[in-house]
Amino acid sequence: NTTGGMVTSRLNQAFLFTVVAISLIHVARPFSTVSFIGTKLTQRVTPVVLHLSKTSETESSLQEKADAKGNTLVKTLDDALKYDTTSASYLLGEMQMIRSEGGTQEEVDIFLDTLLSFVYDNGDVPIRLPFWTKFRSLARFSSRARRASLRRVIELSTPYNEETDENDDEIGEEASKRNKRRSLVVLLRTLSSPEEKDEEGRKASAKKNRSRIPSICTIEKLAIHESKESVNYDDMATRLPPGLETPEYTVVSRCSSAKNKKASSYEIRKYEAFSVCSVPMRKPRPADATKTDAKISNPQLSGATSFGALAGYLFGKNSASTAMKMTTPVLTRGDGEDQTMSFVMPSDYWEEGSESLAPQPLEGSGVRLERDNGGYRAAIMFGGYASKSEVSRRKMQLLENLEKDEEFVIVNGSPICLAQYNDPFTPPWKRRNEVFVPVVPRN
């Protein structure tokens, strides 16, 4: 009995020692992880410190600054992921300061890659994290769980680059890094906005207790919801940019998908007439800044240059030098050489004949004024980024549904139009896109 009691006592001691050791490792490991990340970040942030330092300093002094900067970025980013909007604003301000101090885009990229090193190695390779970090509930207590949530959000919100050569790994890798940087900037803007927190997050913010839900977890839930196929029409209605005019329409009917009768897939609308200003996307335009904000069209940048030409017209580069109100959505029609981009004109010019009263485009700008007589349209709404593959998939979905529609048929020869309602820095879970095509009743 005495021997058995001694064995039991030793086992209890061993068990207690194991529990204490595991607890100490659990407490110490986050600090060692942060220290390791801070060391890696200081190596990358040194060029930024060198640029911002206008005085001659010793190498050791600059290294001390880089070390301090790296540690600050680690803590600031983690605070931003929790619920500190000020920390997210600080990081955006640091990026803006690089630009305002005459920094190059390469230096801005170094700064963003520094932040991405929190979750990626070499800007694109995910850092290994413990398996338990996949549980969002642990993000309340663990910085590594918050990092895992950050990485999942970036993966969900990073658009796939479709302009690169699939056979060129170097170009594809750089495009992937560029898209991740863009997603990170969008995410920081979201984290810096207090209104992004849901009702649960606001109540927890008022209590200021440890059970508070980290902002990154709230955003991850939104991103996951956005990745689902279901369309919530009420939610889509809230995604219209406030204060911007958009063509008026009434919903005639909402139709179920040909494949899923329970889901509302597309709707038939009846539009009122409106006017647009349009520009061809594949034809050269002048680089004269007095006529347009766009350079000569580049096939790889046609969307950006077309947008600049139309924005230049609306904001005063027209015959009357008059700035007009911005509207939504941006419309893209056609394919190949016939592809055009259009901005909706302000409602002052929607009445028949009133487009002739609008300021005229400058000669040679490539911009022309057109009237859309409205009528019936079949439309599918979707969130996220309007990538080529996603737009193509949505167009096919719309055509398949209309083939089986018993009431409406597509107008012969009508191209499908893409409508994008939000600015480039709107997060994907708050974006609204549509593809629509003119239709008429079958009878």
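Start with the whole protein chain in view: among its contacts with a separation of 6 or more, 66% are between residues 24 or more positions apart. Keep in mind that this is a predicted model. Colour the chain by secondary structure, and you should find eleven helices and twelve strands. The chain has 443 residues, and 45% of them are buried.

**Stop 1: helices H3 and H4**

Select residues 85-100 for helix H3 and residues 105-116 for helix H4. Two packed helices are described by the angle between their axes and the distance between the axes. Here the angle is about 160° and the axes are 9 Å apart. Angles over 145 degrees count as roughly antiparallel, so H3 is roughly antiparallel to H4. Their crossing is right-handed.

Now show the side chains where the two helices touch. On H3, pick Leu91, Glu94, Met95, Ile98 and Arg99. On H4, pick Gln105, Glu107, Val108, Phe111, Leu112 and Leu115. Sorted by class, this contact has seven nonpolar, one polar and three charged residues.

**Stop 2: helices H5 and H8**

Next, select helix H5 (143-157) and helix H8 (215-226). The axes of H5 and H8 come within 9 Å and cross at roughly 30°. Are these two helices roughly parallel or roughly antiparallel to each other? Angles under 35 degrees count as roughly parallel, so that is the description for H5 and H8. The crossing of this pair is left-handed.

To see the contact, show Arg146, Ser149, Leu150, Arg152, Val153 and Leu156 in H5. Facing them in H8 are Ile216, Cys217, Ile219, Glu220, Ala223 and Ile224. This contact of H5 with H8 has eight nonpolar, one polar and three charged residues.

**Stop 3: the nonpolar cores**

In soluble globular proteins, nonpolar side chains tend to be buried together. Which residues touch the most other members of the largest nonpolar core? Select Leu115, Leu150, Leu187 and Leu188, which do so in a core of 35 residues. Helix H2 (59-82), H3, H4, H5, helix H6 (169-191) and H8 each supply at least two residues of this core.

Zoom in on Leu187. Not counting residues up to four places away in sequence, Leu187 touches Leu150, Val153, Ile154, Ile216, Ile219 and Trp429. Apart from the largest core lies another one, of 16 residues; Val279, Ala309, Tyr313 and Val330 are among them.

**Stop 4: the loop between H10 and S6**

Find helix H10 (302-314) and strand S6 (330-333), then look at the loop between them, where Pro329 lies. Thr328 and Pro329 are joined by a cis peptide bond, with omega about 5°.

Ser321 is in this loop between H10 and S6 too. Its phi is near 50°, a positive value in a residue other than glycine. Is Ser321 buried or exposed? Ser321 counts as exposed because its relative accessibility is 61%, and the cut-off for exposed is over 50%.

**Stop 5: Val251**

Finish on strand S3 (residues 249-256), where you will find Val251. With 39% relative accessibility, Val251 counts as partly exposed. Leaving aside neighbours within four places in sequence, Val251 is in contact with Glu267, Ile268 and Arg269. Now add Arg377 to your selection: Val251 and Arg377 are 126 residues apart in sequence, and their C-alpha atoms are 9.6 Å apart in space.

Note on methods. Residues are numbered from 1 along each chain as its sequence is written. This is a predicted model: local features need pLDDT of at least 70, side-chain atom pairs count only at pLDDT 80 or more; totals for chains, interfaces and linings use all residues. Side-chain values use heavy atoms; hydrogens and water are left out. Helices (H or I, at least four residues) and strands (E, at least two) are DSSP runs, numbered from the N terminus. Buried means under 20% relative accessible area, exposed over 50%, partly exposed in between (1.4 Å probe, protein chains only). Contact means heavy atoms within 4.5 Å. Axes are lines fitted to C-alpha atoms, for helices over the stretch in contact, and angles run from 0 to 180 degrees between N-to-C directions. Angles under 35 degrees count as roughly parallel, over 145 as roughly antiparallel, 65 to 115 as roughly perpendicular and the rest as oblique. A crossing is left-handed if the near helix is turned anticlockwise from the far one by less than a right angle, and right-handed if clockwise. Ala, Val, Leu, Ile, Met, Phe, Trp, Tyr, Cys and Pro count as nonpolar, Asp, Glu, Lys and Arg as charged, and the others, Gly among them, as polar. A nonpolar core is a set of buried Ala, Val, Leu, Ile, Met, Phe, Trp, Tyr and Cys residues joined through side-chain atoms within 4.5 Å.
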